[in-house]
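Q: Hi! I have a protein model open and would like to go through it with you. Could we start with how its helices pack?

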Amino acid sequence: MRTPKTRAVLLAGLLLAASALAGVNPPTASAAADPVTVTVNTRAGLATVPDTALGVNHAIWDSNLGTAETSDLLRDAGVQMMRYPGGSYADIYHWKDHTAPGGYVAPGTDFDTFMAAVRRAGAQPMIIANYGTGTPAEAADWVRYANVTKGYDARYWTIGNENYGNGHYGSAWEADDHPDKSATQYARLVVEYADAMKAVDPSIKVGAVLTMPGNWPDGITAGSDPGPWNQTVLSIAGPKIDFVDVHWYPGGTAAESLARVNHLPDATYLLRQQLARYAGANADRIGISFTELNVDAGRNTQPAALFLADVYSALLENGVFTAQWWNVHNGMGTVTQVAGQTDYGDFGMLSSGACTEDGSVCQPPLNTPFAPYHGLSMMKLFAKAGDQFVRAGTDEPLVTAHAVRRGNGDLAVLLVNKDPDNAHPVTIDYTGFTPSTAAPTVSTLTNGATGIATSQSGSATSRTLPAYSLTTLVLRPANAAAGRPTAPGQPTASGVTDRAATITWPAATPGGSPIAKYEVHRQHGAVSEQLGETATTSFTVRNLVPGSRYTVNVLARDTAGRVSWASPPLTFATGSPAASTCTVRFTTSNDWGNGYIGGVDITNNGTKPISGWTLTWTWPTGWQQVSSGWSATWEQIGTAVRVTPTDDNRQIAVGASVSAGFVGAYSGPNVLPTAFTLNGTVCATG
């Protein structure tokens, strides 16, 4: 964040421009018709909920940061991590004298007061070291004070806030006193900060700031940097950091923000690809945090509550270790009406008790919870530390579903109705889990409600979701889980080619009976496909599709037929053939944040000339497209691209190449294709 009261419109504007370019139209409300089918598949395991999952931001301009009432409200909502000293203020904040030159520092917001609030709430701190106007020595002294002098055991320290916003890419809101404002210089200094801070306490975790894939300035290379911000930072600082720190404000209308939650699986996938490619050895040790999240429309009303629950769930099921709302208290913004409720345009989840300048509109009393607070409280009821997310999905874009399996065998299902106008009946199908006949525990947050209503009622397999609502069901299993084997350990992939991969995993521990076999399942959304089974702890999967992403789980089955929980997920991608009669080189250049100049070079590796050709590929996402092209005829239907020659490049002699270019556009994470077919043959890639 740049300031306590307002968020820069630049990122939102770029997002909106990208959406217009790619023609993204979020679903619109329609009259409720057939029941929505919800599928919950406990055999499709996702990430485990960490004890840092549910987070919020605290800021030094907030005079209520340290009050018992505020801390108790955050504790009651299940907050597990608090970030300090507050967005962009971190890059002007000097902890020793508790000053922020150029900004306002409220009384009672010093570091010790913050830590007292963290402890009262039962949370952990995340601290932002001052990069913009500070030094490695200042940060190291803070670590010494926190963990040596005071014994606070503060584990997580980020170097700076939104440091790509220092003017390096043309827009400047983040303080940065360094003459060199490049990504390269930021990365070099992250190394200095990490070395100095870990010299004081080697056990701390140090984080570096990255950009959100698909959001400005992702993809842009500036100055003499060797590549875009993320590539540059990871290439230099990767071996020294323990996590990366990302912010996401999706922008747009309430409907657009809620629809863009579907960007998150690809965004986290791209972040992990960047870590693996640029961050050096053992990059899978580096965690991902999303430490600022909020919306532009409906910040204090139901859209924010729906967004919070949906986005926290989507991030956590994809292995992010903390998701943090901006902000606890923030201040009055533009007053609007959203779905029949007054919205104060306030980034805070608790009321500041403020009024407009003319006094015509006032917020409710101080610390009155706004809708996102209740959304956070719903997350506390839904996903607890140690629960394992499992795959859930629906056949209606306006209704999303998430689910977790608990250690005692219970299953919790979160249902989000994003339709502001209509209730939606749902039927729920379960795979790998049989609910008991007892009525589930049901918690519901409806539009305009001042809290969550909880009862034990209805059926595990059907119910009606009110318009603009969150609903959580907690279900008991029909049969006891005693005696089942433990879940197999984290699978790994080796020998990945265009058509095959070998999956290996640590053995499960038997329960009441010996383990008979292991089953390897692929996730197709919320449906699983069994790829094979084996009595050993390794299996080679064949007949895979080139250029495709696979997420698999392993389950253990014992001689009595009892089945374990799913292993942690493994995601890998097949590539192109090592050798083929053709090679395609796909290039991108001059990326401007929501588009780029693309090119394809096609080489004939065969023994005969090619007379006439058709090149095809499929975009990995629905928000990528070819806007225009040259040196060929370009067509796109859905996500499928078809390229055919012009009269002057129909012929490709043996060993020769032809080239064509296009303008690519994207309005979300830009996952590039890796498999290309020429006249029906899958090509190698160069």
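Q: Which residues in α5 meet which residues in α6?
A: From α5 there are Ala-183, Thr-184, Tyr-186, Ala-187, Arg-188, Val-190 and Val-191, and they meet Trp-229, Thr-232, Val-233, Ile-236 and Ala-237 in α6. Sorted by type, the residues of this contact are 9 nonpolar, 2 polar and 1 charged. Keep in mind as we go that this is a predicted model.

Q: Thanks! How do people usually describe a pair of packed helices?
A: Two packed helices are described by the angle between their axes and the distance between the axes.

Q: OK, so what are the angle and distance for α5 and α6?
A: Helix α5 covers residues 183-200 and helix α6 covers residues 229-237; their axes come within 8 Å and cross at roughly 30°. Angles under 35 degrees count as roughly parallel, so α5 is roughly parallel to α6.

Q: And is that crossing left-handed or right-handed?
A: The crossing of α5 past α6 is right-handed.

Q: Let's try α4. At what angle do the axes of α4 and α5 cross?
A: They cross at roughly 30°, and the axes of helix α4 (residues 136-149) and α5 come within 8 Å. That angle makes α4 roughly parallel to α5. Here α4 passes α5 in a right-handed crossing.

Q: Which residues make the contact there?
A: On the α4 side, the contact is made by Pro-136, Ala-139, Ala-140, Val-143, Arg-144 and Val-148. On the α5 side, Glu-192, Tyr-193, Ala-196, Met-197 and Val-200 take part. The residues of the contact of α4 with α5 divide into 9 nonpolar, no polar and 2 charged.

Q: Changing topic: which residues of helix α2 are buried?
A: Helix α2 runs over residues 68-76, and its buried residues are Thr-70, Ser-71, Asp-72, Leu-73 and Leu-74.

Q: What do those buried residues pack against?
A: The buried residues of α2 pack against two strands, β2 (54-57) and β3 (81-84), and against two helices, α3 (111-121) and α10 (371-382). Just after α2 you can also find Gly-78, which takes a positive phi of about 90°.

Q: Which non-glycine residues could I look at for a positive phi?
A: Try Asn-282, which is not a glycine but has a positive phi of about 55°. Another is Ala-339, also not a glycine, with a positive phi of about 50°.

Q: Where do I find Asn-282 and Ala-339?
A: Asn-282 is in the loop between α8 (264-278) and β8 (287-293). Ala-339 is in the loop between β10 (336-338) and β11 (341-343).

Q: Is Asn-282 buried or exposed?
A: Asn-282 counts as exposed because its relative accessibility is 57%, and the cut-off for exposed is over 50%. Ala-339 has a relative accessible area of 35%, so it is partly exposed.

Q: What about cis peptide bonds, where should I look?
A: One cis peptide bond joins Tyr-84 and Pro-85, with omega at about 10°. Pro-85 lies in the loop between β3 and α3. Another joins Trp-216 and Pro-217, where omega is about 0°. Pro-217 is in the loop between β6 (205-209) and α6.

Q: I just clicked on Val-261. Is Val-261 buried or exposed?
A: Val-261 counts as buried because its relative accessibility is 6%. You will find Val-261 in the loop between α7 (254-259) and α8.

Q: Which residues does Val-261 touch?
A: Leaving out residues up to four places away in sequence, Val-261 touches Trp-248, Phe-307, Asp-310, Val-311, Ala-314 and Lys-418. Val-261 and Phe-307 are 46 residues apart in sequence, and their C-alpha atoms are 7.8 Å apart in space.

Q: And Thr-607, where does that lie?
A: Thr-607 lies in the loop between β28 (595-604) and β29 (610-611). With a relative accessible area of 74%, Thr-607 is exposed. Thr-607 and Thr-581 are 26 residues apart in sequence and 8.1 Å apart in space, C-alpha to C-alpha.

Q: Last one: what pLDDT does the protein chain average?
A: The protein chain averages a pLDDT of 94, and 95% of the residues score at least 70. Over residues 2-32, though, the pLDDT is below 50; this stretch has 65 contacts in the model beyond near neighbours in sequence. Where pLDDT is low, the predicted coordinates should not be read in detail.

Note on methods. Residues numbered from 1 in each chain as written. Predicted model: local features only at pLDDT ≥ 70, side-chain atom pairs only at ≥ 80, totals over all residues. Heavy atoms only, no water. Axes fitted to C-alpha atoms, helices over the stretch in contact; angles between N-to-C directions. Helix = DSSP H or I, 4+ residues; strand = E, 2+ residues; numbered from the N terminus. Parallel < 35°, antiparallel > 145°, perpendicular 65-115°, else oblique. Left-handed = near helix turned anticlockwise from the far one by under 90°. Contact = heavy atoms within 4.5 Å. Nonpolar A, V, L, I, M, F, W, Y, C, P; charged D, E, K, R; others polar. pLDDT = per-residue confidence, 0-100. Buried < 20%, exposed > 50% of the residue type's maximum accessible area, 1.4 Å probe, protein only.
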